[in-house]
Amino acid sequence: MSVKISVTINGKKYTSQVEPRQLLVYYLREALSLTGAHVGCDTSSCGACTVLIDGNAVKSCTTLAVQVDGTQVTTVEGLAKNGTLHPIQEGFRQEHGLQCGFCTPGMIMSAADLLQNNPNPSETEIRHALEGNFCRCTGYHNIVRSIQWAAKKLQETNAAVL
Amino acid sequence: MIPANFEYHRAGSVDEALSLLATHDGNAKVLSGGHSLIPALKLRLNQPAALVDIARIAALRYIRQDGNHIAIGAASTHKDIATSALLAQHLSMMPQAAGMIGDPQVRNVGTIGGSIAHADPAADWPGVLLAADAEIVLQSASGKRSLAAQDFFLGFFTTALAEGELVTEIRIPIPAAGTKSTYQKFSQPASRFAIVGCAAVVQVSNGTCSHVRVAFNGVSDSCFRDGNVEKALEGKAATAENIAAAAAQAAQGVSILSDHYAAEDYRTHLAQVFAKRALSAVAG
Ligand SMILES: Cc1cc2nc3c(=O)[nH]c(=O)nc-3n(C[C@H](O)[C@H](O)[C@H](O)COP(=O)(O)OP(=O)(O)OC[C@H]3O[C@@H](n4cnc5c(N)ncnc54)[C@H](O)[C@@H]3O)c2cc1C
Ligand code: FES
Ligand code: FES
């Protein structure tokens, strides 16, 4: 038996019929073609599927689509505005924060959660904030630098993360 | 991995949740943060006919002082607890333990009620609540009851929760002034569940230890209070020698878990090391 949900994703309202067992990541990827959230492990470990639900980073492979009914979801697709990369995205570009890019959307969404709560994090705080995100390419150093770049940029321009 | 089919109901109140559970007569499961349940559903270890979602019941999400207790609503997230100034003031091991659970994404949605109902032997809340002398408030269609944490946790993934019953609140007595608490944990490197987690509460006055509470997670098939360590330090001077002697008694007389992360003798050794670290932090 399917259930009707209404959810605002990246500022746009969607109303859909979903099976209660449908996972949020598959709803995003398959029903809405928002393929930014990746499925890495499918077992709540790697964080590649991280999206924001009402501003909080959550693993969408461990969330049911029905649980986000009535919430605001932000995926990596919602960050760039008018063709301009979000400062976190730009930071990953400037500081070479990705190689294959598979983990990147999740890293960026975790960074967005961090920077909302802590606009000027230390290196240690950044590393702790990424404990739920695995990267199999970069060795993390450049990811940390990318987030430092973004934090600085956001502060210089007095911009809100979201 | 896709779960088997189930019905989904979002409860707006505790009463509604209880009546939904009663309607399904044992075939419905409570859904809170979902961070233990959804992985189990995906593996089809669990195939309930219905889920009753309690995560958005506002009346289950609070941390407040209630007389000489702190009352925590069952749907409070690990993050709510990690960032609670009230708990930081009175019982700092609570925010400390909360901040060590999993990772930020897990802490954003996982709840204390879900964790204790699940009673994973490697979870962090059970031992912390034993050391805190917590009471667990349970509610069902036939009424409310309250159990000491000691009587709530019965064993490996086993609690005193009855069919159709909800954990609604965790109540913790505010410790006497001068009481310190800590949680020290040796984490499994990938999941961050406890290989050994040690919660300790001690009141030191005039250099003497009283109200000694030491409890472990991850060591045995259930959380437990370690009476041998507690007795060895109760009434003694808060010295490094007494702490070391008490910690050396840790994890005796219980069955010790063994897995590919930590064999029995290594886990026992870790329990002693973490008891010493915890006691040194609160009484050293
Ligand atoms: C990657 C990862 C890492 C983790 N690391 C840790 C860790 O380091 N330490 C740790 O302690 N935990 C860890 N966890 C577990 C996490 O803390 C879970 O959130 C928690 O165990 C369950 O809480 P929940 O709210 O998600 O419950 P759910 O998954 O929603 O529910 C768990 C069980 O409890 C029942 N239930 C839920 N709420 C209630 C209630 N109020 N009354 C009665 N029954 C109820 C459900 O029916 C279900 O059987 C981790 C989880 C993941 C995915
Ligand atoms: S795909 Fe969700 S955590 Fe790995
Ligand atoms: S860039 Fe390849 S996994 Fe992180």
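Asp133(B) sits in the loop between α8 (125-131) and β6 of chain B. The model is predicted, and this loop residue is a good place to enter it.

**A loop and the strand after it**

Asp133(B) takes a positive phi of about 55°, although it is not a glycine. Most residues other than glycine have a negative phi. Is Asp133(B) buried or partly exposed? Its relative accessibility is 28%, so Asp133(B) counts as partly exposed.

Strand β6 of chain B covers residues 135-140, and Gln139(B) is part of that strand. Gln139(B) has a relative accessible area of 17%. The cut-off for buried is under 20%, so Gln139(B) is buried. Which residues touch Gln139(B), once its neighbours within four places in sequence are left aside? Val14(B), Asp15(B) and Leu18(B) are in contact with Gln139(B). Lys144(B) is another contact of Gln139(B). Gly164(B), Glu165(B), Leu166(B) and Thr168(B) complete the list.

**Domains of chain B**

Chain B is divided into three parts: domain 1 (7-53), domain 2 (58-173) and domain 3 (179-283). Between domain 1 and domain 2 of chain B, the contact takes 11 residues from domain 1 and 13 residues from domain 2. The C-alpha centres of these two domains of chain B lie 19 Å apart.

A further loop of chain B runs between α11 (240-247) and α12 (264-283), and Ala251(B) lies in it. Ala251(B) is not a glycine, yet it has a positive phi of about 60°. Its relative accessible area is 5%. That value is under the 20% cut-off, so Ala251(B) is buried.

**The chains as wholes**

Chain B has 12 helices and 14 strands. Its radius of gyration is 19 Å, close to the 19 Å that the globule rule gives for 284 residues. Chain B is therefore as compact as a globular protein of that length.

How many helices and strands does chain A have? Chain A has five helices and five strands. Their order along the sequence is β-β-α-β-β-β-α-α-α-α. For 162 residues, a compact globule would have a radius of gyration near 15 Å. Chain A has 15 Å, which agrees.

The table sets out some values for each chain.

| Chain | Property | Value |
|---|---|---|
| Chain A | C-alpha box along the principal axes | roughly 50 × 30 × 25 Å |
| Chain B | C-alpha span along the principal axes | about 60 × 45 × 30 Å |
| Chain A | Buried residues | 57% of 162 residues |
| Chain B | Buried residues | 54% of 284 residues |
| Chain A | Exposed area | about 7,100 Å² |
| Chain B | Exposed area | about 11,300 Å² |

Carbon and sulfur atoms supply 47% of the exposed area of chain A. In chain B, carbon and sulfur atoms supply 50% of the exposed area.

Contacts can also be sorted by separation in sequence. Take those in chain A between residues at least 6 apart: 56% join residues at least 24 apart. For such contacts in chain B, 60% join residues at least 24 apart.

Charges come next. Chain A has 13 positive and 13 negative charges, and their mean positions are 4 Å apart. Chain B has 22 positive and 24 negative charges, with mean positions 6 Å apart.

**Inside chain A**

Helix α1 of chain A spans residues 24-31. Which residues of α1 of chain A are buried? They are Leu24(A), Val25(A), Tyr26(A), Tyr27(A) and Leu28(A). What do these buried residues of α1(A) pack against? Their partners in chain A are β1 (3-9), β2 (12-18) and β3 (50-53). Just after α1(A), Ser33(A) takes a positive phi of about 55°.

Further along is helix α4 of chain A, residues 123-129, and Glu123(A) belongs to it. With a relative accessible area of 40%, Glu123(A) is partly exposed. Leaving aside its neighbours within four places in sequence, Glu123(A) is in contact with Val144(A) and Gln148(A). How far is Glu123(A) from Cys41(A) in space? The C-alpha to C-alpha distance is 26 Å, and 82 residues separate Glu123(A) and Cys41(A) in sequence.

Conventions
Residues are numbered from 1 along each chain as its sequence is written. Chains are lettered from A and ligands numbered from 1 in the order in which they are written. This is a predicted model: local features need pLDDT of at least 70, side-chain atom pairs count only at pLDDT 80 or more; totals for chains, interfaces and linings use all residues. Side-chain values use heavy atoms; hydrogens and water are left out. Helices (H or I, at least four residues) and strands (E, at least two) are DSSP runs, numbered from the N terminus. The radius of gyration is taken over C-alpha atoms; the globule rule is 2.2 Å times the number of residues to the power 0.38. Buried means under 20% relative accessible area, exposed over 50%, partly exposed in between (1.4 Å probe, protein chains only). Contact means heavy atoms within 4.5 Å. Accessible areas come from the Shrake-Rupley method with a 1.4 Å probe; for residues, only the protein chains shown count as cover. Lys and Arg count as positive and Asp and Glu as negative; His and the chain ends are not counted. The place of a charge is taken as NZ of Lys, CZ of Arg, CG of Asp or CD of Glu. Domain bounds come from an automatic or database domain assignment.
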